[in-house]
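I opened this notebook to record what I looked up, entry by entry. The structure is shown below, and my notes follow it.

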Amino acid sequence: MPLFVVFLILVVIVVIAVVWRRLAVQRTEALAARTELSEIARQELLPTVKVVALGASGAGKTALLASMFHRLQTPAYTDYYLKLPHDQMTVLNRAYRRVSDPAGGWPDSTRTGETREFTFTCIAHVDGDHHEVAQINYLEYAGELLTEEQEGGASEQRALVEYVDSAAAVLILLDGFRIKQLLEDSPDGALHLESALTAYVNLIFAKTYPVHFVITKWDLLSESEEHDDQRLRMVRDLLLSYPAFASLVRAKSRQRVVRLIPVSAVGRGFARVDENGHVVKNLDSRVRPAYVELPLSVVIPDVFHQLSHTLEQTAKEKMFAEVEDRIKLDSRDFLAHMGQRLSQPTARALRAAFSVVPGVSGGDQLLDLWVQWSSRPLAERRDNLLSQLGAANKEAALIYSSRQRVLDEFQRQVSILEAKFPASRL
């Protein structure tokens, strides 16, 4: 073969090599700019949990939420804490100041059209480090949306029903003041309880998500800790005498444990019922919230139990798809792949071609350099992918260990609840 033909062939090969390698480098750079695999693992393994607290107007939904956040915004009492966006934090802190001020009034009831969603981030505090475990979306709404006929607020009512349908768990808040009235044979207590239970049963009876019952304003119902469980047993028996309540408990108990959780946003001695039948504050008192963290401790493990398999399966599928996309070869990778996979006959032919080019010696060395140069993008991509996979596995292990730390803390609090209130287990 004439030398100029060999030379021309080699020039063409070199030009093609340069162009194709540049394309391979561009693809490698594009892949490197994509989301890190560790971030994908974090996004897929950290769930967003939608929790709805269903409660009639005046049941104390805002007071309980504000008191719960005030207690759990630092890890002073637990191995985890809750974080809110700043604007939402100011809303709940303002509500808590109103609740805890003995000279002030109670927070205003949420008005129709003021439905708000609070986005809590649950963070594990482990050995001084902070690791996100889950995001909890908690809905606050006007109680009348469930128990009263709506005209102008019909769209808000539909939105609430849709939110409840898509929830991961539901807490049903029963007004302790109304239960107190019921225990004292007041017709107002029976009327309000019947109205609320009818709305709740109709809304969630056929749903499969976890449901627990929370008795608010527990401080109005029990005068001393020594009689707490006895009083709760009396309240439980009273509630179970209502067919709507009993049927809902039976339906939900077939799937998991259903609990009756007493809570007080202010604690004993802060409030009382005056001679006019109104709940008022005692001026010389201070708030001592009781059991406000228990609803979260009860409901979140149930949700994780439901979601854990789905979360892990979805994360695996997403990671496998992402890795497959990053390692697959396309036309731009042909040259690099060819450089790595050269057959011996092809290699010998190329070495021979290099050796006959005028003024060129060391064909073997030139070919080796060319192979290394052309295959470098694939090698870099492989090394980057291996590094990212290692980081993703480390991130997943950290999430699992942090989650288990928080779930263990939740379980500890549930054990305390059952030990102190055996009657809480329905």
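**Entry 1: Thr119 and its surroundings**

I began with Thr119, which I located in strand S3, spanning residues 116-126. I kept in mind that the model is a predicted one. Is Thr119 buried or exposed? Its relative accessible area is 18%, and the limit for buried is under 20%, so I entered Thr119 as buried. I then listed what Thr119 touches, leaving out residues up to four places away in sequence. The list holds Lys83, Leu84, Pro85 and Gln88, together with Gln135, Ile136 and Asn137.

**Entry 2: Helix H4 and helix H3**

Gln88, one of the contacts of Thr119, led me to helix H4, which covers residues 86-100. H4 has 15 residues, and I noted a reach of 21 Å from its first C-alpha to its last, close to the 21 Å expected. Which residues of H4 are buried? I found Gln88, Val91, Leu92, Asn93, Ala95, Tyr96 and Val99. These buried residues pack against helix H3 (61-72), strand S3 and strand S9 (279-281).

I next looked at how H3 and H4 meet. Their axes are 8 Å apart and the packing angle is about 105°. That angle falls within 65 to 115 degrees, and I therefore recorded H3 and H4 as roughly perpendicular to each other. On the H3 side, the meeting residues are Thr62, Ala63, Leu65, Ala66, Ser67, Phe69 and His70. On the H4 side, they are Met89, Leu92, Asn93, Ala95, Tyr96 and Val99.

**Entry 3: The sheet**

What is the order of the strands in the sheet? I read it as S2-S3-S4-S1-S5-S6-S7, an open sheet of 7 strands with mixed pairing. Strand S2 (80-83) and strand S7 (260-262) stand at the edges with a single partner strand each, so one side of each has no neighbour in the sheet. On average, neighbouring strands are turned by 30° against each other, direction ignored.

I then noted which helices pack on this sheet. H3 does so, touching strand S1 (48-55), S2, S3, strand S4 (129-140), S5 and S6, and its direction makes about 125° with that of S2. Helix H8 also packs on the sheet, touching S1, S5 and S6; the direction of H8 makes about 170° with that of S5.

**Entry 4: Strand S5**

I turned to S5 and checked its two pairings. S1 and S5 pair in the parallel sense over 5 bridges, and Ala53 stands opposite Leu171 of S5. S5 and S6 are also paired in the parallel sense, over 5 bridges. Here Val170 has Val211 in S6 as its bridge partner, and Leu173 stands opposite Val214 in S6.

How many residues of S5 are buried? I counted 6 of its 6 residues and noted the strand as mostly covered. Ala169, Leu171 and Leu173 point one way, whereas Val170, Ile172 and Leu174 point the other way.

I examined Ile172, found in S5, more fully. Its relative accessibility is 0%, which is why I counted Ile172 as buried. Beyond four places in sequence, Ile172 is in contact with Leu54, Tyr200, Ile204, Val211, His212, Phe213, Val214 and Leu248. Ile172 and His212 lie 40 residues apart in sequence, yet 6.2 Å apart in space, C-alpha to C-alpha.

**Entry 5: Helices H10, H7 and H9**

Leu248, among the contacts of Ile172, is also among the buried residues of helix H10 (243-253). The others I listed there are Phe245, Ala246, Val249, Ala251 and Lys252. The buried residues of H10 pack against S5 (169-174), H8 (187-204), S6 (211-215) and helix H9 (228-240).

I followed H9 to helix H7 (176-183): the two pack at an angle of about 80°, with axes 11 Å apart. H7 and H9 are therefore roughly perpendicular to each other. Ile179, Leu182 and Leu183 in H7 meet Arg231, Met234, Val235 and Leu238 in H9.

**Entry 6: Confidence**

Finally, I looked up the confidence of the prediction. The protein chain has a mean pLDDT of 76, and 69% of its residues reach 70 or more. Where is confidence lowest and where is it highest? I found the lowest in helix H12 (residues 334-340), at a mean of 47, and the highest in S7, at 93. Over residues 330-344 the pLDDT is below 50, and this stretch has 31 contacts in the model beyond near neighbours in sequence. Residues 354-363 also stay under 50, with 14 contacts beyond four places in sequence.

Note on methods:
Residues numbered from 1 in each chain as written. Predicted model: local features only at pLDDT ≥ 70, side-chain atom pairs only at ≥ 80, totals over all residues. Heavy atoms only, no water. Buried < 20%, exposed > 50% of the residue type's maximum accessible area, 1.4 Å probe, protein only. Helix = DSSP H or I, 4+ residues; strand = E, 2+ residues; numbered from the N terminus. Contact = heavy atoms within 4.5 Å. Expected span 1.5 Å × (residues − 1). Pairing = 2+ DSSP bridges. Axes fitted to C-alpha atoms, helices over the stretch in contact; angles between N-to-C directions. pLDDT = per-residue confidence, 0-100. Parallel < 35°, antiparallel > 145°, perpendicular 65-115°, else oblique.
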